[in-house]
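Please open the model in your viewer and keep the selection panel at hand. The stops below say what to select next and what is to be found there.

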Amino acid sequence: MIRRIIHIDENKCNGCGICVDACHEGAIGIVNGKAKLLRDDYCDGLGDCLPTCPTNAISFVEREALAYDEEAVKVNMANKKTAHSCPGSMARSITRNKNTNPFEAYEIPTQLTQWPVQIKLAPINAPYFNNSNLLIAADCSAYAYGNFHNKFMKNKITLIGCPKLDMTDYSEKLTEIIKSNEIKSVTVVRMEVPCCGGIEAAVKTALINSGKFIPWNVVTISTSGDIMQ
């Protein structure tokens, strides 16, 4: 049958995954770093995903497609719910196991409140940026400092990156984010190693180029996992 259905332009898609969360039918997934329409019969053609796409990669087309299958969608969403509720999901991480050490097991809830977190994948504009305290962290820092979620991520929007591995200057992207949103403060968490100086420099440049006066501070983590004064 000919009907209205979404079309995703791979050349415009940055793989941020916001559309995946916006689709209540589970019709969209990330495949090889790009958003894909997984099955025609999962798409109801209402387009909840369209306004959320930061790169305008999603549009409507009229084409031959399977009819929307509400029962198939219900099964798909039920399977996803079961998969997401299994142990080891992003929501909680076990940091002590009473079966393998003398400490009683306990759980630390995540403080991550948005997705994506990679600077390269983050949109320029997003509702969660407005009136936010922004954390920009070197990705190694979360592994080096054990209480990273509660100490640094709590009540903040988190962006992470590694200028050495990404081989890029984040300053232009960060400038646009800061200019386009109402950011209340910026915290930079970096490692003591020299290559981490790139992320601090990028934030400093972005703040200057944004033309805004925003309070900011830098926290440096040692390779042994301590906060350096």
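Select H6 (171–180) and H7 (197–210), two helices whose crossing is right-handed, meaning that the near helix is turned clockwise from the far one by less than a right angle. Helices here are DSSP runs of H or I with at least four residues, strands are E runs of at least two, and both are numbered from the N terminus. The two helices pack at an angle of about 45°, with their axes 8 Å apart; axes are lines fitted to C-alpha atoms, for helices over the stretch in contact, and angles run from 0 to 180 degrees between N-to-C directions. H6 is therefore oblique to H7, since angles under 35 degrees count as roughly parallel, over 145 as roughly antiparallel, 65 to 115 as roughly perpendicular and the rest as oblique.

This is a predicted model, in which local features need pLDDT of at least 70 and side-chain atom pairs count only at pLDDT 80 or more, while totals for chains, interfaces and linings use all residues. Residues are numbered from 1 along each chain as its sequence is written, and side-chain values use heavy atoms, with hydrogens and water left out.

Next, show the side chains where the helices meet: among the residues in contact (heavy atoms within 4.5 Å) are Leu-174 and Ile-178 in H6, and Ala-202, Val-203 and Ala-206 in H7.

Now widen the selection to the largest nonpolar core, which has 21 residues; such a core is a set of buried Ala, Val, Leu, Ile, Met, Phe, Trp, Tyr and Cys residues joined through side-chain atoms within 4.5 Å. Buried means under 20% relative accessible area, exposed over 50% and partly exposed in between, with a 1.4 Å probe and protein chains only. Strands S7, S8 and S9 and helices H6 and H7 each give two or more residues to this core, and H7 gives the most, with 5 residues. Centre on Leu-159, one of the residues with the most contacts inside the core, and its contacts beyond four places in sequence include Phe-129, Leu-134, Ile-136 and Leu-174.

Move on to Asp-41, in the loop between strand S3 (34–37) and strand S4 (58–64). Asp-41 counts as buried because its relative accessibility is 8%, and its side chain makes a polar contact of 2.7 Å with that of Arg-39. A polar contact is a pair of N or O atoms within 3.5 Å; within protein, one must be able to donate a hydrogen and the other to accept it, and residues adjacent in sequence count only if both atoms are side-chain atoms.
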